[in-house]
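Me: I am new to this structure. Please take a close look at its aromatic rings: what sits over them, how they pair, and what surrounds them.

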Amino acid sequence: MAENKNVILSAKDLCKSFANNGGQIHILDNVNLEIYEKDFTVIMGASGSGKSTLLYCLSGMDSITSGGVFYRDKEISKYNEKKMAQIRQTEFGFIFQQMHLVSNLTLYENICVTGFLNKNKSSSDVKKKADELMKSLSIEKVKTHLPSQVSGGEQQRAAVARAIINEPSLVFADEPTGALNRQNTVDVLDILTDLNKKGQSILMVTHDVRAAMRATRILYLEDGSIKGEMKLAPFEQSQAKSRETQINSWLSSMEW
C-alpha cells in the first residue's frame, strides 16, 4: 500500500522468456510492481525494454513464464482463457496504437459490440451508453461512418469509447497516440486525463514525454526490470513546461 491507495493490480516476481535456438531470451525479469486505483500510471523505457510485453502480461493477453499477476488480490495469471476473457470483457478496457476497429462496422457499431459482450448489460443500455460516449467525445456526427471514412483522431476517440463502454476498473493503453498527429495526440491525451481526474484507473505504455506528462506516476523499465519510479501531481496545462523539464531530467537520470 502507498499513500493509502488501494492496489488494483500487481505483479510478483513476474518473468517472461522465449525459447530461442536452444536457449532462453528473457524479456521480463522478476518484475514486482503495484498499480493503484485512480492513478494514471505510465510505463516508459528504451525500445526493447519490455514495456508492451509487460502491459500484455499484466492484462492477461499474454501468458507469463513464472511469478504471478493479481487483480484485486486474485491471481488472474492462473485463470483459464474463458475466465480471463470474462475479466477482460467486464473489468478491463484496452486502447492500442493501431485502433483495431472492425473495418466493415460503423464507429457506433464498433463501440456497441464490446458492450454487447457484457452479459450484465441490456442491448438498450449499451446503445444508450454508446450514444452518450460518442457525444462526450465529440464524434456523434460521424456515428454512422466506417473507420476508413474518418480521421485517425476520430478513430482513436471511437477506440477510447469502446474501451470504456463497460465502465472498466482499469484501462490499458499501449502507445495510444503513436499513430496520431500532434493535435489529435493532444485531444486524446486530454480525454484520458479527464477520465483519470474523474476516477478512472489508467495504465499506459509510451515513449513520448508529452504523453507521459499526463501521468500521476511513471515507472521506468530497463532490461525487463523496474529501474525507477517518479510520482507526480495531477496534470495541469499551466504547469506543462515545468513538468516536461522535470520528467526529462528524471529520464536523463535513468539514462534514457
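Reply: In this predicted model, the charged end of Lys83 sits over the ring of Tyr79, 4.3 Å from the ring centre. A second ring carries a charge too. Here the charged end of Arg214 is placed over the ring of Phe235, again 4.3 Å from the centre.

Next come rings that meet rings. There are seven aromatic pairs in the structure. One of them joins Tyr56 and Phe96. Their centres lie 6.4 Å apart, and 50° separates the planes, a tilted arrangement. What does this pair tie together? Tyr56 belongs to helix 1 (residues 51-59) and Phe96 to strand 6 (residues 92-96), so the contact joins parts that are 40 residues apart in sequence. The two partners differ in cover. Tyr56 has a relative accessible area of 26%, so it is partly exposed. Phe96 has 15%, which is under the 20% limit and therefore buried.

A further pair is made by Phe92 and Phe172. This one is edge-to-face, with 5.0 Å between the centres and 75° between the planes. It too links distant parts of the chain: Phe92 is in strand 6, while Phe172 is in strand 7 (residues 170-174), 80 residues away. Are these two rings buried or exposed? Both Phe92 and Phe172 are buried.

These pairs do not stand alone. Tyr56, Tyr71, Phe92, Phe94, Phe96 and Phe172 are linked by ring pairs into a cluster.

Now step from the rings to the nonpolar cores. Nonpolar side chains tend to be buried together in soluble globular proteins. The largest nonpolar core here has 50 residues. Which residues have the most contacts inside it? They are Val42, Met44, Leu192, Met204, Ile218 and Ile247. Helix 5 contributes the most to this core, with six residues. Apart from it lies another core, of 27 residues. Phe94, a member of the ring cluster, is among the residues of that second core, as are Ala11, Ile35 and Leu221.

Met44 shows how busy the largest core can get. Leaving aside neighbours within four places in sequence, its contacts include Ile218, Leu219, Tyr220 and Leu221. Lys51, Thr206, Leu251 and Trp256 are also among them. Note Leu221: this residue touches Met44, yet it is listed in the other core.

Several of those contacts lead to strand 9, so to speak, and that strand deserves its own look. Strand 9 (residues 217-222) is mostly covered, with five of its six residues buried. How does strand 9 pair with strand 3 (residues 40-45)? The two run parallel, over five bridges. One bridge puts Thr41 opposite Arg217 in strand 9. Strand 10 (residues 225-231) is joined to strand 9 by six bridges, this time antiparallel. There, Ile218 faces Met230 in strand 10. Two residues separate strand 9 from strand 10 in a hairpin, and Asp223 in the turn has a positive phi of about 50°.

Asn196 touches this surrounding region. It is placed in helix 6 (residues 182-197). Its relative accessibility is 9%, so it counts as buried. Beyond four places in sequence, Asn196 touches Lys38, Asp39, Phe40, Ile202 and Thr216.

One more sheet completes the view. Four strands make an open sheet in the order 2-1-4-5, with antiparallel pairing. At its edges are strand 2 (23-36) and strand 5 (74-75), each pairing on one side only. Two bridges join strand 4 (residues 66-71) to strand 5 in the antiparallel sense. An aromatic residue takes part: Phe70 has Glu75 in strand 5 as its bridge partner. Strand 1 (residues 7-20) holds Asp13. Asp13 has a positive phi near 50°, though it is not a glycine. Its relative accessibility is 41%, so it is partly exposed.

Notes:
Residues numbered from 1 in each chain as written. Predicted model: local features only at pLDDT ≥ 70, side-chain atom pairs only at ≥ 80, totals over all residues. Heavy atoms only, no water. Phe/Tyr/Trp six-rings, centres within 6.5 Å; stacked < 30°, edge-to-face > 60°. Buried < 20%, exposed > 50% of the residue type's maximum accessible area, 1.4 Å probe, protein only. Lys NZ or Arg CZ within 6 Å of the ring centre and 35° of its normal. Contact = heavy atoms within 4.5 Å. Pairing = 2+ DSSP bridges. Core = buried A, V, L, I, M, F, W, Y, C linked by side-chain atoms within 4.5 Å.
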